[in-house]
Amino acid sequence: MDAMRNPFNPGAGTAPPFLVGRDRELEAMAVAIGRISLGRFERSIMLKGLRGVGKTVLLNEFGKSAVTAGWLHEHIEATEDVRIAAALAALARRALLKLSVMARSKDRATRALGALRSFIKVHVPLGGDAGSLTIDFDPVQGAADSGQLDGDISGLFVELGEAARAAGTGVLFTIDEIQYLAKAEFSALIIGLHRVSQLGLPVLVVGAGLPSLPGLAGEARSYAERLFRYVDVGSLSPSDARSALELPVQSEGAEWSSDALDEALSHTRGYPYFLQEIGKQSWNVADGPTVTVTDVRNAYVLAVSELDEGFFRARIDRTTDAERDYLRAMASLGGPGPYRSGDVSQKLGRKTTQTGPTRDSLLKRGLCYSPRHGEVAFTVPMFDEFVRRNLIS
C-alpha cells in the first residue's frame, strides 16, 4: 500500500498506538488542572514505565490539555548534563515573558522576572545552560537568591505562581526522563512544588521516568508520595493493542485479515512502540486492501532489522566493554528478567562487589533499573532478545 500515506508514521493524524487505552491518564490530568485552577490541592502525576510505552507522548498531551484550559506549558527533557536550576530558569523566563504582556499580571510578572534575574545570578554559572539568558528587569533581592537551591526554587515558584494567579491562569512544567536529576536537584524540585501546593498557587510539575521513579523521589524527599500520583504506563491490554493496529488501517479504508492481526499482535506483547513498527512495516509491504498473514511475516523481518539498527542500537552504542559484558551476562540468563545481581556476577565469574560499579553505571545511563534490592532489569522491552541476537555468539 502507499507508503506515503502510512497511518503508522509519526504525525499521521490517526490515533497513535501510544494513546490508545490512556483515557484515564488524560482525564486525571484534566481534573488536576481544573482543581488547581480553583485553588484546591491535587496531587501531580508522575508517569513511570519502560522505554517505548508512550510516556513522552502523554506528557505532550498533558501540555495540550493545559493550553486548552488556558494555562501556559513549558517542557524540558532531563539528561545527565542538565542542571535543574538552569533548566527551570529558562522555563520560568519563557512563561514570565508571556505573563508580562498580560494587563492583569504585568506588574506581578515584572517583579517575578526581577526575582528570576537574581536567581540566575546566584545559581546559573556564566556560560552555563542558561547563562546567556537576558533578563532586562531590575533584580529583586530576597525572593530567590539565598544560595540555597531548595529554598530559592521554592521562592521562584511562588513568584511565578503569584504572577500566574494574577493573570487568571496557571503554569505547567513537564519534565521527561526525570530520573536523570541528581538527588539534591530532585529534592529541591519537590520542595518547590510542595510550597506552591501549600499556598494553592497554580504551578504544576509533571514528570515521566523509569520504573524506579517512586524510589528516587522517596529518597529525595520522604513526603514525595503525598505530592505525586504514580501512574504505571506499560503494555496495552489485548483489546487496546488490537485497536491500536486496527483503527489506523481502517481510517485508510483497509483492513487486517484475522490471522494477520493475530500474527502481528504475537510479536509486540502490547508495547506501543513495537505495535507502531510492526503496523508501519506491514502497511509498507502489503498490496492491499487487506493486510495478510504473509505480509506480516515479511514485515516482521523488516521491523526487527529496523528496531535493531535504531531503537535498540541507539541505547548501546555508547556503552563500555565492561557494560556490554554485563548486559550479555544478563541476557544469557534467559527470559526478559528481572535477574538477580548475584547471578549476573556469577555468570561473569566475578564477585558482586567487583561488578557493582558496572551495574551502577548502567543504572545511571538508564539502560537498567533495579525493581527491588538485589535485582536488575532492562529498561527497554525485549532488549534481552536484541542482546542475544546481536551480542551473544
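Along strand β2 (residues 72-77), which side chains point to one face and are buried, and which point to the other and are not? In this predicted model, L72, E74 and I76 belong to the buried face of β2, whereas H73, H75 and E77 are directed to the other face and are not buried. Strand β2 pairs with strand β3 (residues 171-176) in the parallel sense over six bridges, and the bridge partner of H73 in β3 is L172. One of the buried residues of β2, E74, is also linked with R94 and K98 in a network of salt bridges.

A search of the whole structure finds 22 salt bridges, and the table lists some of them.

| Salt bridge | Closest N and O atoms |
|---|---|
| D262 with R242 | 3.0 Å |
| R389 with D308 | 2.6 Å |
| D384 with R388 | 2.4 Å |

The first of these pairs connects helix α10, which holds D262, to helix α9, which holds R242, across 20 residues. Because R389 lies in helix α16 (residues 383-390) and D308 in helix α12, their pair ties together parts that are 81 residues apart in sequence; R389 is partly exposed at 38% relative accessible area, while D308 is buried at 7%. D384 and R388, by contrast, are four residues apart in helix α16 and so are separated by about one helical turn. Here D384 is buried, with 2% relative accessibility, and R388 is partly exposed, with 30%.

Helix α10 (residues 258-266) has A260, L261, E263, A264 and L265 as its buried residues, and what covers them includes α9 (238-250), β6 (255-256), α11 (272-285), β7 (290-291) and α12 (293-312). D262, at 39% relative accessibility, counts as partly exposed.

Notes
Residues numbered from 1 in each chain as written. Predicted model: local features only at pLDDT ≥ 70, side-chain atom pairs only at ≥ 80, totals over all residues. Heavy atoms only, no water. Buried < 20%, exposed > 50% of the residue type's maximum accessible area, 1.4 Å probe, protein only. Helix = DSSP H or I, 4+ residues; strand = E, 2+ residues; numbered from the N terminus. Contact = heavy atoms within 4.5 Å. Pairing = 2+ DSSP bridges. Salt bridge = Lys/Arg side-chain N within 4 Å of Asp/Glu carboxyl O.
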